[in-house]
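I opened this notebook page to record what I looked up in one chain, element by element. The entries follow the order in which I checked things.

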Amino acid sequence: MSVVKLQQSISESQSRGDISASFRLLHPRALLVARDGSAAAIGREFAAAIAGSDPDALAAAALRELACARCTPEAPAPRALRDGRGQPLRASIMSGALTLDFAAAVRLAPRAEAAMENTLAADLIQHFDSAAMLLDGDGFVVGASPALIRGLALACTSELQGAPFAALLGCLGEADAAEKLLSGCRSERTALWLRCADGRQRRALLRAQPLGREGHSARALFCEFEDRAPAALDALAHDLRSPLSAVLGFARLAREDLASGTTTRAAHLIARIEQSASTLDGILRSALTPMHGFENADISQVLEQIRAERKQEFERRGIRLLAPDDPPMLACRRAELYRLLSNLVGNAVDHMGDAVPPEICVSVACSGEMATLRVRDNGVGIAPELHERIFEADHSGCVHDERARHRGLGLAIVRQLAASWRGHAWVESARGDGATFLVTIPLAR
């Protein structure tokens, strides 16, 4: 896999503004140069170093210098650029694994960093069995282990060398968490999405280990890819179960009616059978084929189908399913929205407990181009320490929490679907106080 493909995968998924904002936060001692020669982003320390000068003029000069010299991630080109006072600016111009939207990065000379030490550490990290990368004091990749290179679908370490860490972030809005990871002297594991060269994103837990005493020293990042989404076949079987049960149930009622000579419900039951069969077909198609173009889904129609499929259970237990009034259309397949809501409603039903009256409320709030879907129940609730663990497909059932013990694959599928829409899924709850599951989904265009 070439650097060009890595660049293309980043360019297709992140806008120029998104990467610029992340670059500005994560690389304070550097300037990001756009392909038109303008300054796409400038870190605060770099801005202070060139106070009084025009960043765009400096970016254009850097681009001209780059055209006159051959530089690589291993050998950046030092240039006699000038600051706002006309003094030589100790900096280097680096082109490497950036994105197609950007041409280069101009970096201030390292503080007290020893290039030889970085080189030795980069050579050493290539012998690690685990996934790890080495960042210099400015947050640029110096080296990476073979496990990380494979994990990001790259061919060799050189394809990653020189990349700013900001360009590797896969999910929008995670720059703050990444900045905290890189700036701390010692860090806990931080969950981030990393972009692969083949266009995928992989969720990873990263831990930073400083290699010096200074706060901005080089550091090693140890990476543990989560990849805990349910296996495709298990997830598919799980989500086919509900509409298949509905088909069998409606068919049984229709047979009983026809056997007794009553045909008043027949047309209605046949329509429900057709709808559930269509849902089965949609789930299979969405699992086997990628989505082309745009498809929109209606929350009200999906909830009406779920209400019909669970009608007898809702009536027997007195559960009310409240739907939002005039909800917006969502930019996803109807079958995928069905999978999401069916799992969330089913999860609420399974853990309703002795709530009086038992109630599941679905609501939607819009912000910009995204909708936040909320599914609230007044059931047994979830202890805060389990809020992340319940989304794990391989979560152990030994914990003393009913919802965590019996949730199955449903919540893992919910999070997987949210990630496929570039959204998020999380829960807000306390034990004994019900639960609200929230999912961000793009609005229909």
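The entries below go through a sheet, a strand pair with its crossover, and then some helices.

Entry 1, the model. I am working from a predicted model, and I keep that in mind throughout.

Entry 2, the open sheet. I asked first in which order the five strands of the open sheet lie. Following the pairing across, I read the order as S7-S6-S10-S9-S8, with antiparallel pairing. At the edges I find strand S7 (141-144) and strand S8 (190-195), each of which pairs on one side only. From one strand to the next the twist averages 35 degrees.

I then looked up what packs on this sheet, and found helix H7 (residues 175-183), which touches strand S6 (131-135), S8, S9 and S10. The direction of H7 makes about 110 degrees with that of S8.

Within the sheet I also followed the pair made by strand S9 (residues 201-210) and strand S10 (residues 219-225), which are antiparallel and share seven bridges. As one register mark for this pair, I noted that Leu205 stands opposite Glu224 in S10.

Entry 3, a residue on the edge strand. I picked Thr190, which lies in strand S8, and asked whether Thr190 is buried or exposed. Its relative accessible area is 17%, and since the cut-off for buried is under 20%, Thr190 counts as buried. Setting aside neighbours within four places in sequence, I find Thr190 in contact with Ala177, Leu181, Ala204, Leu205 and Leu206.

Entry 4, strands S11 to S13. Moving along the chain, I saw that strand S11 (residues 320-322) and strand S12 (residues 359-367) pair in the parallel sense over three bridges, with Arg320 opposite Glu359 in S12. I asked which hand the β-α-β unit made by S11, helix H12 (residues 334-350) and S12 has. The unit is left-handed.

S12 is also joined to strand S13 (residues 370-377), here by eight bridges and in the antiparallel sense, and Val362 has Val375 in S13 as its bridge partner. S12 and S13 form a hairpin with two residues between them, and in the turn Gly368 has a positive phi of about 65 degrees.

Entry 5, helix H4. For H4 (residues 55-68) I compared the span with expectation: its 14 residues reach 20 Å from the first C-alpha to the last, close to the 20 Å expected at 1.5 Å a residue. The residues I list as buried in H4 are Leu58, Ala59, Ala61, Ala62 and Leu66. Why do they lie on the same side of H4? They cover an arc of only 160 degrees around the axis, and therefore fall on the same side of the helix. On the face turned away from that buried side I find the exposed residues Arg64, Ala67 and Cys68.

Entry 6, helix H14. In H14 (residues 410-420) I noted several buried residues, including Leu411, Ile413, Val414 and Leu417. After H14 comes Arg422, and its phi is positive, near 60 degrees.

Entry 7, a residue in helix H9. My last look-up was Gln275, placed in helix H9 (residues 266-288), which is partly exposed at a relative accessible area of 25%. Leaving aside neighbours within four places in sequence, I find Gln275 in contact with Gln305 and Arg334. I also noted that the C-alpha atoms of Gln275 and Pro243 are separated by 8.9 Å, although these residues are 32 residues apart along the chain.

Key: Residues numbered from 1 in each chain as written. Predicted model: local features only at pLDDT ≥ 70, side-chain atom pairs only at ≥ 80, totals over all residues. Heavy atoms only, no water. Pairing = 2+ DSSP bridges. Axes fitted to C-alpha atoms, helices over the stretch in contact; angles between N-to-C directions. Contact = heavy atoms within 4.5 Å. Buried < 20%, exposed > 50% of the residue type's maximum accessible area, 1.4 Å probe, protein only. Right-handed = clockwise from strand over helix to strand, strands pointing away. Expected span 1.5 Å × (residues − 1). Arc of directions from axis to C-beta.
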